[in-house]
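I opened this notebook to keep track of what I looked up. The entries are short and go from the whole chain to the parts.

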Amino acid sequence: MANFGFSIKKTRSFNLSQADLRKADRLLEEVPSYRLCIGCGGCTATCSARQFTDFDIRKVHNTFRRGQYDKLADELRKCMLCGKCTLVCPRGVNLRSLIINMRQLLTPSHETF
Amino acid sequence: MANFHPFVVPFVMGTIALFAICGYKFVRWIKQFDRKQQALIKKNMFSTRIVPALWEVFCECLLHLRITKKNWRLGYMHRSIAFGWFLLILFGAIESRIGIKGPFHFWCAIFYRFFHHNPPVNGTEVFFTQLMDLLLLYVLSGIFLAFVKKIHSRILGMKRTTQHTVMDTTVKIALWCIFPLRLLSESVTARLYANGGFLTQTLGDLFSRPAAEFLELPLWSLYSLALCIFFLMLPFTRYMHIFAEVFLIYFRKLGLRDSVKMTGYTKYELSACSRCGMCIDRCPLYNTLDINDVQSVYLLRNLRNLEHHQDILAAGKNCLMCHQCAEDCPVDIDLMSIRRISRDKGDTDMSDNYRYLDNVKGFNAIGRVAYFGGCMTQLTPTISQSMKTIFDAAGVKYWHLDGERAICCGRPLMQQGFNKQAADLRRKITELISSCNATALVTSCPICYHTFKHEYKLTIPVYHHTEFIDKLIKSGKLSVKQSDSTFTFHDPCDLGRGSGIYKQPREVLKAVGQLKKISAEKENSVCCGMNLGNTVLSIEQQTKLRDKSLAVLTEPNPDVVVTACPMCKKAFRHGTEANVKDIAEVVAERLNN
């Protein structure tokens, strides 16, 4: 079959009622402005890290919100924290704070001092 | 035992405990210095740097010149207590050495009048008696001002003073009691033996003889007790700054600086904070948003006591990193570094970060200037466009390093305590810049500029574009038109207070128009609110900060509000009808072709 450079994605389904949403809830507590997110993807569009690699911040925070935390810690390490996403967000979500908090929540037993 | 009375026991115990505890703490902190700091100490310990260190100790710990420059009333208050007390001890020691008969103990100097009852006879004795009274009066005037400051701080030019803990308040009361008690006990003794000076004798003569006899011992005991309480509590309270500042100044002169982690040097800094509260008044978070528990004074206190973990985190997070408090600090503590230390996230990511930058290859830019716009300039492309126009007009060959793809300088990571990641990023960018063989690095973003200047070890000169434009105009390479436009200039925090660049942007603006004065400029510049350092302020709070700054900037009604930072420009542009531009845009519009 001719390859047109696109394909149909596999369906991904999971049961939200069985997901562990504790970290996601905690994230919403820490960064209340995240409740305003409409998932427009402005953050991903402007992302500096994305200009070099396949880092999708919208995908990361959406996945986090659904309680699927696997591999997100590694993914988040690609972020340079430059803050452009926060500046372009049309809903005023504090994305830098969101990313820092996600990193913290995904770090096992984080201790500052 | 001659020249001894039981009432001196509290004082003697207090003094011994004071020196033992301070000695223990100071030695322990020195052991906590990191390797670099220890090497510096070994190298410079006995060098000639000790001379300027001693001079600064004299000027700052005793005369308090820095605080006097900012507020002469506060300066007088601190000087009269510190320098006055120092002279009291010094001349008291000399006087008692001359006058005391029998065995000399160190407490004889403090309680001299009690042990030496003879009225002054010869010239030297009269001179010392009057001098000691004068010095006591000097110290008392300072204590009086401190009391006034407590009641109504605005008389001394402070809007708000520090909210102290119970410990700090107790020890302060002990300190305030010392000198009035000394006055009273010496007066009572003067009444009985006529050995006082102009102050103590006059006051003493108001007492009746039986009253004086009855009061003498209790008053001297209370004086000794007040000294004891003060000395015992000193190492655990803010008054530790009296000794810690001396060592801090010495270490600083030896070249020691804060590391990214808490070290012994930081502990000296934490203890050198006198909690004077000078950092509160001009903190934008306090004077615009009424947040009054996150300022440096409270962060340093919490860090020193390490008892409120959550408080430390909260206070550490909520800060604009605008350098205002570091500018105001009379002890010159590196508050920005301590703030960063409080945010340290630890070495959680040990492996190599940002591998994806390995694929980025430097352009061969021999003989060219590398232009680094910075991430924020990508969102304000007119700035980089104007810079290109200026480069072309001046005939400067350039290479736009981050034209297509933006690389972050690492400052945001550093500010949030991801030190390991920031170091990885810095290494990659250093490799990239050194591989391109450019002659200089010009950046449009003060945040990047500050980082390249202070954190990177680049071999080529680094300029902010204001500096570079100023250089081009002065060397005649860039010819600009003088115009009738009027400007006000906003000093971005990282360019002004952070890097000390105040002159160049003003000279550039004077070359292309008229610069109007505003009420808060240079070191006192206001914050745009849209700040990288803070991640917890809400949009409403940021807007409030921005509007307050805009009111200052637009007050003289300028044609253009000029700034030199893409972030500040972006913040201001949406908040005002006035024309907001970056300095590069203003210059690019007024070129002579």
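The notes below deal with chain B, its core and its contact with chain A.

Entry 1, the model. I noted that this is a predicted model.

Entry 2, chain B overall. I looked up the box that holds the C-alpha atoms of chain B, and along the principal axes it comes to roughly 95 × 55 × 45 Å. I then read off the secondary structure of chain B, which has 29 helices and 8 strands. Of the 593 residues in chain B, 47% are buried. Among contacts in chain B with a separation of 6 or more, I found that 74% join residues 24 or more positions apart.

Entry 3, the core. I looked up the largest nonpolar core and found 184 residues in it. F111(B), F230(B), A370(B), I469(B) and V587(B) have the most contacts inside this core. Helix α11 of chain B, residues 209–233, gives the most to the core, with 10 residues. I followed F230(B) further: leaving out residues up to four places away in sequence, F230(B) touches V171(B), A174(B), L175(B) and I178(B).

Entry 4, the side facing chain A. I found 27 residues of chain B in contact with 21 residues of chain A. On the chain B side, α17, α20 (375–379) and α22 (411–415) each supply at least two residues. α20(B) gives the most, with 3 residues. By type, the chain B side divides into 16 nonpolar, 7 polar and 4 charged residues.

Entry 5, helix α17. Which residues of α17 (residues 309–317) of chain B are buried? I listed I312(B), A315(B), G316(B) and K317(B). The buried residues of α17(B) pack against α16 (296–305) and α19 (335–342) of chain B.

Terms used:
Residues are numbered from 1 along each chain as its sequence is written. Chains are lettered from A and ligands numbered from 1 in the order in which they are written. This is a predicted model: local features need pLDDT of at least 70, side-chain atom pairs count only at pLDDT 80 or more; totals for chains, interfaces and linings use all residues. A nonpolar core is a set of buried Ala, Val, Leu, Ile, Met, Phe, Trp, Tyr and Cys residues joined through C-beta atoms within 7 Å. A residue is buried if 20 or more other C-beta atoms lie within 10 Å of its own, exposed if 12 or fewer, and partly exposed in between; C-beta atoms are placed from the backbone. Helices (H or I, at least four residues) and strands (E, at least two) are DSSP runs, numbered from the N terminus. Two residues are in contact if their C-beta atoms, placed from the backbone, lie within 7 Å. Ala, Val, Leu, Ile, Met, Phe, Trp, Tyr, Cys and Pro count as nonpolar, Asp, Glu, Lys and Arg as charged, and the others, Gly among them, as polar.
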